[in-house]
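Me: Please take a close look at one helix-to-helix contact for me, and then work outward from there. I'd like the geometry along with the cut-offs behind each term.

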Amino acid sequence: MSFEDALARSAAETDVLLDRLLPPGVSPASRVVEAMRYAALGQGKRLRPFLVIESAALFDVPRERALRVGAALEVLHCYSLVHDDLPAMDDDDLRRGRPTVHKAFDEATAILAGDALLTFAFEILSDEATHPDPQVRLALVSGLARAAGMAGMVGGQMLDIAAESQTGQTLEDITLIQSMKTGALFRFACEAGAILGGADPSPLRQYAEKIGLAFQIADDILDVESTPEALGKATQKDKGLGKATFVDLLGLEGAKQRAAALTEEAVAAVEGFGKRSSILSEAARFMVTRRK
């Protein structure tokens with residue numbers, strides 16, 4: 001199966017599972033469920049669930065288990081987008097070509113929907129359907145909590161906000177921010193496959209660190225070269241806020257070269273898995289060639 005087919009398959013399967021896990025009209029708080037479904041269903045490439053599924057496949061993990069972990073990671077990722085878009089944060093009106101949740105509903109509902117998606121991620125992971133071994137479920141819950149919290153995504157977001165009032169940011173500064181804000185969830189996605197398979201996560205952690213940084217550099221490149229219509233969101237907001245990007249510090253061509261080098265380093269990190277890692281290698285190259 002090609003990378004494109006594998007990505008499309010995992011996205012479709014993730015959507016089916018999320019639709020089943022988040023049925024409409026069941027909860028008495030139906031408005032917040034509607035907002036959760038709006039945020040989580042039918043949108044995005046589902047790269048993070050894809051990475052869970054393909055990493056787990058290296059160790060012959062049953063696909064249903066990997067899908068549940070991928071779904072948990074995706075709803076947490078969607079929570080972060082809902083909150084990032086809020087007026088107090090990035091103040092965005094458009095996400096994936098549609099009005100953001102606080103625009104489609106209202107600000108209070110968006111906050112609660114994000115809170116509910118965050119907690120729902122851990123409800124999914126802690127369920128026996130995810131894995132029969134409670135120690136494996138505990139490792140997954142602990143790993144996602146670290147990736148999402150103060151030492152990961154949330155901490156990176158805080159540093160990113162602080163950067164709006166700082167000058168003279170260095171390459172090391174923005175690399176740290178992005179390794180926490182973006183990279184932490186990529187690391188969990190890949191390490192989760194090894195956790196599910198009872199294997200050493202080190203090669204997949206190295207792979208994830210490279211693709212996470214390459215993904216963010218590609219984002220900065222697209223922010224310069226693409227349009228809001230093509231990306232489905234506003235462009236050049238960091239420039240307007242005075243925040244440094246990889247393009248600012250490396251130049252456009254330098255950023256492209258750095259992203260390409262990271263891609264090859266990622267491919268090298270998983271070459272020990274042989275042909276089984278071919279789709280992960282294609283995924284690494286996709287990170288820097290995607291157009292949105």
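**One helix pair, and what surrounds the story**

Reply: H8 passes H9 in a left-handed crossing, meaning that the near helix is turned anticlockwise from the far one by less than a right angle (clockwise would make the crossing right-handed). Before going on, a bit of bookkeeping: this is a predicted model, where local features need pLDDT of at least 70, side-chain atom pairs count only at pLDDT 80 or more, and totals for chains, interfaces and linings use all residues. Numbering starts from 1 along each chain as its sequence is written, and side-chain values use heavy atoms, with hydrogens and water left out.

Back to the pair. H8 covers residues 153–162 and H9 residues 171–181; helices here are DSSP runs of H or I with at least four residues, numbered from the N terminus. They pack at an angle of about 145°, and their axes are 7 Å apart. Axes are lines fitted to C-alpha atoms over the stretch in contact, and angles run from 0 to 180 degrees between N-to-C directions.

Who does the touching? On the H8 side the contact is made by Met 153, Gly 155, Gly 156, Gln 157, Leu 159 and Asp 160, and on the H9 side by Leu 176, Ile 177, Met 180 and Lys 181. Contact means heavy atoms within 4.5 Å. The mix is five nonpolar, three polar and two charged, where Ala, Val, Leu, Ile, Met, Phe, Trp, Tyr, Cys and Pro count as nonpolar, Asp, Glu, Lys and Arg as charged, and the others, Gly among them, as polar.

Asp 160 deserves a zoom. This H8 residue is buried at 7% relative accessibility (buried is under 20% relative accessible area, exposed over 50%, partly exposed in between, with a 1.4 Å probe and protein chains only). Leaving out residues up to four places away in sequence, Asp 160 touches Ile 177, Lys 181 and Lys 243.

Two other pairs make handy references. H4 (residues 63–84) and H7 (residues 134–148) have axes that come within 12 Å and cross at roughly 25°, so they are roughly parallel. The labels work like this: under 35 degrees is roughly parallel, over 145 roughly antiparallel, 65 to 115 roughly perpendicular, and the rest oblique. The H4–H7 crossing is right-handed. Val 69, Ala 72, Leu 73 and Leu 76 of H4 meet Leu 140, Leu 144 and Ala 148 of H7, which gives seven nonpolar residues, no polar and no charged. Also in H4 is Glu 64, which is exposed at 56% relative accessibility.

Then there's H1 (residues 3–21) with H3 (residues 47–57): their axes come within 9 Å and cross at roughly 105°, so this pair is roughly perpendicular. Phe 3, Ala 6, Leu 7, Ser 10 and Thr 14 of H1 contact Leu 47, Pro 49, Phe 50, Ile 53 and Glu 54 of H3. That contact splits into seven nonpolar, two polar and one charged.

Last, cysteines. The whole structure has zero disulfides, a disulfide being a pair of cysteine sulfur atoms within 2.5 Å. For Cys 190, the closest cysteine sulfur is that of Cys 78, 18 Å away and too far for a bond. Cys 78 is buried at 1% relative accessible area, and Cys 190 is buried at 0%.

Terms used
Helix = DSSP H or I, 4+ residues; strand = E, 2+ residues; numbered from the N terminus.
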